[in-house]
Amino acid sequence: MNKRHRVSAATAVVALVIAGAHLMGASSAYADDVKPSAPPGTEPSAAAPVPIDSNAPGLKIPQGGTLAPIKVLDIAEVVEDLGGEQRRQETNQTVMMALQSEVLFPENSAVFNAQAAARIQAIANEINTQKATRVRVFGFTDDQGSYEHGKELSKQRADAVQAELAKTVTSSGVIYDVRGYSEDYPIADNGTEEGRKKNRRVEITFPRSAPAGGN
């Protein structure tokens with residue numbers, strides 16, 4: 001083996017060792033700069049729709065009418081506390097917990113207030129119960145101020161929540177997807193303070209565990 005081949009082989013071995021170290025870690029967090037084509041959490045999770053024959057005699061379609069494209073919609077159950085500080089949304093596949101920024105952070109800050117840790121630890125306990133190994137932590141702001149500042153602040157807040165979750169989540173090999181979306185994907189009207197308050201939030205999403213089988 002000549003010198004050039006030995007250097008190439010050594011480089012390949014180093015790359016494999018680094019990759020192995022990442023795979024063996026207890027948990028990891030990452031984010032990418034690729035903006036999703038759909039708002040996070042709205043991706044369909046149900047099975048493909050059952051084909052429907054538009055010419056079936058049982059369908060009562062007016063003459064000249066056509067069937068609209070088939071869509072699969074998840075059944076989502078949404079529960080919000082009276083103050084709107086915390087919102088829980090469940091589908092057949094996932095659980096999403098949204099906490100308004102005001103219950104976690106002072107204004108324009110990513111430093112936790114006194115009550116934040118207890119709220120986040122309660123969510124971490126549920127992640128343990130569901131035995132989730134992939135957790136998404138997404139931060140959002142309202143449309144006040146610059147977009148870039150909102151993106152930085154929302155990412156800092158998501159990072160802070162992820163770090164606090166990691167203190168209580170006990171499952172090994174949990175992967176955290178952590179992102180900041182600034183004012184993108186509002187859930188309420190930014191034209192009112194009540195709406196802006198709902199838009200300033202951190203969402204924690206994780207899969208539901210499969211139900212136990214029965215006889």
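Helices H2 and H3 are oblique to each other, a term for whatever is left once angles under 35 degrees are called roughly parallel, those over 145 roughly antiparallel and those from 65 to 115 roughly perpendicular. Their axes come within 8 Å and cross at roughly 55°; H2 covers residues 116-130 and H3 residues 147-168. Axes here are lines fitted to C-alpha atoms, for helices over the stretch in contact, with angles from 0 to 180 degrees between N-to-C directions. The crossing of H2 and H3 is right-handed, meaning that the near helix is turned clockwise from the far one by less than a right angle (anticlockwise would be left-handed).

Who meets whom at this crossing? On the H2 side you'll find Ala117, Ile120, Gln121, Ile123, Ala124, Asn125, Ile127 and Asn128, and these meet Val161, Glu164, Leu165 and Thr168 in H3. Contact means heavy atoms within 4.5 Å.

A word on the ground rules. This is a predicted model, in which local features need pLDDT of at least 70 and side-chain atom pairs count only at pLDDT 80 or more, while totals for chains, interfaces and linings use all residues. Residues are numbered from 1 along each chain as its sequence is written, and side-chain values use heavy atoms, with hydrogens and water left out.

## The overall layout

The protein has 4 helices and 7 strands, and along the sequence they run α-β-β-β-β-α-β-α-β-α-β. Both kinds of element are DSSP runs numbered from the N terminus: helices are H or I with at least four residues, strands are E with at least two. Of the 215 residues, 31% count as buried; that is, they have under 20% relative accessible area, whereas exposed means over 50% and partly exposed is in between (1.4 Å probe, protein chains only). As for contacts between residues at least 6 apart in sequence, 70% of them join residues at least 24 apart.

## Rings

How many aromatic pairs turn up in the whole structure? The search finds 4. Rings of Phe, Tyr and Trp (its six-membered ring) pair if their centres lie within 6.5 Å; planes under 30 degrees apart are stacked, over 60 edge-to-face, and the rest tilted. Two of these pairs are set out here.

| Pair | Arrangement | Centre to centre | Angle between planes |
|---|---|---|---|
| Phe105 and Phe112 | stacked | 5.1 Å | 20° |
| Phe138 and Tyr181 | edge-to-face | 5.3 Å | 75° |

The pair of Phe138 and Tyr181 links distant parts of the chain, 43 residues apart. Phe138 sits in strand E5 (residues 134-140), and Tyr181 in the loop between strand E6 (174-180) and helix H4 (193-199). Phe138 counts as buried because its relative accessibility is 3%, and Tyr181 is buried too, at 5%.

In the stacked pair, Phe105 is buried at 3% relative accessibility, but Phe112 is partly exposed at 25%.

Ring pairs also join Phe138, Phe140, Tyr181 and Tyr185 into a cluster. One cluster member has a charge for company: the charged end of Arg201 sits over the ring of Phe140, 3.9 Å from its centre. To qualify, NZ of Lys or CZ of Arg must be within 6 Å of the ring centre and within 35 degrees of the ring normal.

## Two positive phi angles

Most residues other than glycine have a negative phi. Lys131 has a positive phi of about 55° although it is not a glycine, and Ser182 has a positive phi of about 55° as well. Are these two buried or exposed? Lys131, in the loop between H2 and E5, is exposed at 64% relative accessibility. Ser182 belongs to the loop between E6 and H4 and is buried, with a relative accessible area of 1%.

## Across the sequence

Helix H3 also holds Tyr147 and Glu152. Tyr147 is partly exposed, with a relative accessible area of 31%, and its C-alpha is 9.0 Å from that of Asp184, 37 residues away in sequence. Glu152 is partly exposed at 49%; from Glu152 to Gly180 the C-alpha distance is 6.9 Å, with their positions 28 residues apart in sequence.

Finally, Thr205 lies in strand E7 (residues 201-207) and is buried, with a relative accessible area of 7%. What does Thr205 touch, not counting residues up to four places away in sequence? Thr205 touches Thr94, Val95, Met96, Arg134, Val135 and Arg136.
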